Amino acid sequence: MDLEGIQSLDGQLAEQIGDVIHLRFLSLKKTHIQELPSSIVNLVCLETLNLETIEELSWESIVLIPTVLWKMKKLRQLYLLKWCNYLTDE
């Protein structure tokens, strides 16, 4: 499913995305989505996920990714923003 450039998603991906369990490819490139629902873990066949949701770095350049993403066993390709950073509870 290629959603590249769709601006009408209002910064969030619908929780129902988890119902498309046979999905293998999901591109959110240039959609300005800032948060992924935890139901994304239901995409057990997902192999490629593109999270390059924004084009330019700004203060709104945040994408919240649920920790369940790491449980997706078939995920092979994960595209992230070029300017990624992470926070830890040190």
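Here are some short exercises on a predicted model of a protein chain, each with a worked solution.

## Exercise 1: The overall plan

Task: Find how many helices and strands the chain has, and work out how the strands are arranged.

Solution:
- Begin with the count: the chain has zero helices and three strands.
- Now read from the N terminus, and the elements follow one another as β-β-β.
- Next, look at the pairing. The three strands make an open sheet in the order 1-2-3, and their pairing is parallel.
- Strand 1 and strand 3 are the edge strands, since each pairs on one side only.
- As for direction-free angles, neighbouring strands of this sheet are turned by 0 degrees against each other on average.

## Exercise 2: Joining strand 1 to strand 2

Task: Say how many bridges join strand 1 to strand 2, and name the residue that leucine 26 stands opposite.

Solution:
- Strand 1 and strand 2 run parallel and are joined by three bridges.
- Leucine 26 has leucine 49 of strand 2 opposite to it.
- Follow leucine 49 further. Leaving aside neighbours within four places in sequence, its contacts are Leu26, Ile40, Leu69, Leu75, Gln77, Leu78 and Tyr79.

## Exercise 3: The nonpolar core

Task: Work out how many residues the largest nonpolar core has, and which of them have the most contacts inside it.

Solution:
- The largest nonpolar core holds 17 residues.
- Those with the most contacts inside this core are Leu13, Leu26, Leu28, Ile40, Leu43, Leu46 and Leu49.
- A general idea helps here: in soluble globular proteins, nonpolar side chains tend to be buried together.
- For the chain as a whole, 36% of the 90 residues count as buried.
- Turn to the outside as well: the accessible surface of the chain is about 6400 Å², and 52% of that belongs to carbon and sulfur atoms.

## Exercise 4: Two serines

Task: Decide whether serine 27 and serine 39 are buried or exposed, and list what each one touches.

Solution:
- First, locate serine 27: this residue lies in strand 1, which spans residues 25–27.
- The relative accessibility of serine 27 is 3%, and because buried means under 20%, this serine counts as buried.
- Not counting residues up to four places away in sequence, serine 27 touches Met1, Asp2, Leu3, Glu4 and Asn50.
- Serine 39 sits in the loop between strand 1 and strand 2.
- With a relative accessible area of 8%, serine 39 is buried.
- Leaving aside neighbours within four places in sequence, serine 39 is in contact with Glu15, Ile17 and Gly18.

## Exercise 5: A pair of charges

Task: Find which residues form the salt bridge, and where they lie in the chain.

Solution:
- The structure holds one salt bridge.
- Arginine 24 forms this salt bridge with glutamate 47, and their closest N and O atoms are 3.3 Å apart.
- The pair links distant parts of the chain, 23 residues apart: arginine 24 is in the segment before strand 1, while glutamate 47 is in the loop between strand 1 and strand 2.
- In general, side chains of opposite charge can pair when their charged atoms come close.
- Glutamate 47 has a relative accessible area of 31%, so this residue is partly exposed.

## Exercise 6: Across the chain

Task: Find what separates the C-alpha atoms of leucine 64 and leucine 36, and those of threonine 67 and valine 41.

Solution:
- Leucine 64 lies in the loop between strand 2 and strand 3, and at 47% relative accessibility this leucine counts as partly exposed.
- Leucine 64 and leucine 36 are 28 residues apart along the chain, with 6.3 Å between their C-alpha atoms.
- Not counting residues up to four places away in sequence, leucine 64 touches Gln34, Glu35 and Leu36.
- Threonine 67 is in the loop between strand 2 (48–50) and strand 3 (77–79).
- The relative accessible area of threonine 67 is 64%; exposed means over 50%, so threonine 67 is exposed.
- Threonine 67 and valine 41 are 26 residues apart along the chain, and their C-alpha atoms are separated by 9.3 Å.
- Now take the chain overall: among contacts between residues at least 6 apart in sequence, 55% join residues at least 24 apart.

## Exercise 7: Positive phi

Task: State which phi values lysine 30 and histidine 32 have, and where these residues lie.

Solution:
- Lysine 30 is a residue other than glycine with a positive phi, near 60 degrees.
- Histidine 32 is not a glycine either, and has a positive phi of about 65 degrees.
- Lysine 30 is in the loop between strand 1 and strand 2, and histidine 32 lies in the loop between strand 1 and strand 2 too.
- Lysine 30 is partly exposed at 29% relative accessible area, and histidine 32 counts as partly exposed at 35% relative accessibility.

Terms used:
Residues numbered from 1 in each chain as written. Predicted model: local features only at pLDDT ≥ 70, side-chain atom pairs only at ≥ 80, totals over all residues. Heavy atoms only, no water. Helix = DSSP H or I, 4+ residues; strand = E, 2+ residues; numbered from the N terminus. Buried < 20%, exposed > 50% of the residue type's maximum accessible area, 1.4 Å probe, protein only. Contact = heavy atoms within 4.5 Å. Core = buried A, V, L, I, M, F, W, Y, C linked by side-chain atoms within 4.5 Å. Pairing = 2+ DSSP bridges. Axes fitted to C-alpha atoms, helices over the stretch in contact; angles between N-to-C directions. Salt bridge = Lys/Arg side-chain N within 4 Å of Asp/Glu carboxyl O. Areas by Shrake-Rupley, 256 points an atom, 1.4 Å probe, with all protein chains shown as cover.
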